[in-house]
Amino acid sequence: THGGISKKNAHPHRVGNVVLAHNGIVENYDELKHSVGNTHEFSSDTDSEVIAVLLHKAYTKTKSPDQAIRDVAKQITGRFAIVVMFDGIPGFFAARRGSPIIIGKAKEATYVASDIPAFLEYTQTVNYIDDNEMVYVTPSNTRVTNLITGRKVQKRDITVSWEPEEIEKGSWPHFMIKEIFDQKETILEAIHHNNKTIQSFVKKLETAKGIYLIACGTAHKVAMVAEYLFADIAHIKINVVPAAEMPSFEKFVHKNTALLAISQSGETADVLEILERGKKRGARILSITNVPSSSIARLSDAHFPINAGAEKAVASTKAATSQMALLLVCAYTASKKHTSIKTLTDIGRGVIWNTTSAINDMLNPRYAKHIEKIAKKISRHQNLFIIGRGTLYPIALEAAIKIQEVSYIHAQGFAAGELKHGPIALIEKGTPCVVLGDDPETIANAIELQSRGGFIIGIAPTQARVVDLWIRVPDCNSAQAIATVIPIQLLSYYLARARKLDPDMPRNLAKSVTVK
Ligand code: M6R
């Protein structure tokens, strides 16, 4: 968050008798730096170094690592997860407020990480460290205390269900392509909850005084798809707000307002902060995450795991389709069209079963090859536009994120009907335009694009005449967004490959965005 990517800014930071690694952001960094005065010459541009300076001072004074960490934690405003070593003290200390820390316990070693996959190869036994807790770790012992009171905290050993193989690429060249193909199985896993659980979750939404879906990035586009699904299927209006924009609307969050967070990691700081504040205002906190033990899940009054297995690639793929599948079943459950609520949940399940089976037919090496060829053809372009309507509008926005983050092509998604209000001016001869869907209005928009020189790539169940290149997707009715996003994921992956980029390592991005 502070300073460029350079050796001097890399963690850990050593100051005197202290070595520190920090995840998070010190919001009062300037003030703290000022308080240190000229007693220390800062050698990095990071906010983290000031924590090391304060720890060094406190430890020199108190000679107690625990006391030093507690004293310094009090001074920090913002989110942090820190790991600290003190000269002469065996093992290391870790503490958190707002950013994740997880302990992995193996027979011969203990691990501290911010995410389970970091040590899953060695152990599946974990202790979750909560906010305002500190842990002292030696190879043979783990001692957890409260960061404020210093009192001992008892932790339960928990065995996580993720298998080590899940974080291996196996014979796949990248995690991203592996996870795209994982969707043959993961979509169904997402709705692996009994009807009662789904109905009670939906009831918490339906009976709330206002519903807000809060998410970031791809998860936010999923939330937008859900907004259409709830409107079309259940005739319920939900509000979808990107977490970072929610402060403007928090005045509408009261007792019994439902805040439903959608997040793969369950650790996204912008989302977490809105939920924490919502909870204080008496809102119902609901969440759908891929990590049942995440901070968001644990903060929630009701939580749905999507059971997609570890998602390692920075670009979110399988988590998004699983989230959409679960939200679609929730929308059917909330529908008032029939009297028997049980039947409605099952209708939703039926849609997802049919969609999964159609996706299984679609997603094969020949299909991927076809998309790879299209990617190679357009990979040299610097601009690319995507249009869609209804649930395919958020998918056009999602396509833009996916293409931007792994291929660095300037991609933009638009609501098809908005083209004529400005964006069409961007179209030049040969500009690749991806058209999602084959309904008459969208095809009319595709014709407008083509007549301005656009090169039309159609992703739809049928091949319209206007289309220069066609990627077929099955007709999945209300689940069309789920089927349509998959060729987009493949296109993004192959665009990155064609541009000689590593799709698993996009520049400037992190898998879990645990800072604001
Ligand atoms: O873990 P989350 O779902 O909360 O993450 C939200 C976004 O940071 C994430 O979806 C991001 O946009 C992805 N890199 C997109 O592929």
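Colleague: Before we look around, what does it take for a charge to sit over a ring?

Modeller: NZ of Lys or CZ of Arg has to be within 6 Å of the ring centre and within 35 degrees of the ring normal. Keep in mind that this is a predicted model.

Colleague: Cool, so which residue lies over the face of Phe 42?

Modeller: That's Lys 33, at 4.7 Å from the ring centre. Another case is Arg 507: its charged end sits over the ring of Tyr 408, 3.8 Å from the centre.

Colleague: Switching to rings with rings. How many aromatic pairs are there?

Modeller: The count is nine. One of them joins Tyr 493 and Tyr 494, edge-to-face, with 5.0 Å centre to centre and 75° between the planes.

Colleague: Is Tyr 493 buried or exposed?

Modeller: Buried, because its relative accessibility is 1% and the cut-off for buried is under 20%. Tyr 494 counts as buried too, at 11%.

Colleague: And which residues do ring pairs link into a cluster?

Modeller: Tyr 59, Phe 86, Phe 93 and Tyr 136.

Colleague: OK, ligand time. Which residues come nearest?

Modeller: Of the 14 around the ligand, Ser 263, Gln 264, Ser 265, Thr 268 and Glu 405 do. A polar side-chain atom of Thr 268 lies 2.5 Å from a ligand oxygen, and a backbone N or O atom of Gln 264 lies 2.6 Å from an oxygen of the ligand.

Colleague: How much of the ligand's accessible area does the protein cover?

Modeller: It covers 90% of the 410 Å² that the ligand has on its own.

Colleague: Which element gives the largest share of the shell?

Modeller: α6, with three residues.

Key
Residues numbered from 1 in each chain as written. Predicted model: local features only at pLDDT ≥ 70, side-chain atom pairs only at ≥ 80, totals over all residues. Heavy atoms only, no water. Phe/Tyr/Trp six-rings, centres within 6.5 Å; stacked < 30°, edge-to-face > 60°. Buried < 20%, exposed > 50% of the residue type's maximum accessible area, 1.4 Å probe, protein only. Near = heavy atom within 4 Å. Polar contact = N/O pair within 3.5 Å; in protein donor to acceptor, adjacent residues only side chain to side chain. Areas by Shrake-Rupley, 256 points an atom, 1.4 Å probe, with all protein chains shown as cover. Helix = DSSP H or I, 4+ residues; strand = E, 2+ residues; numbered from the N terminus.
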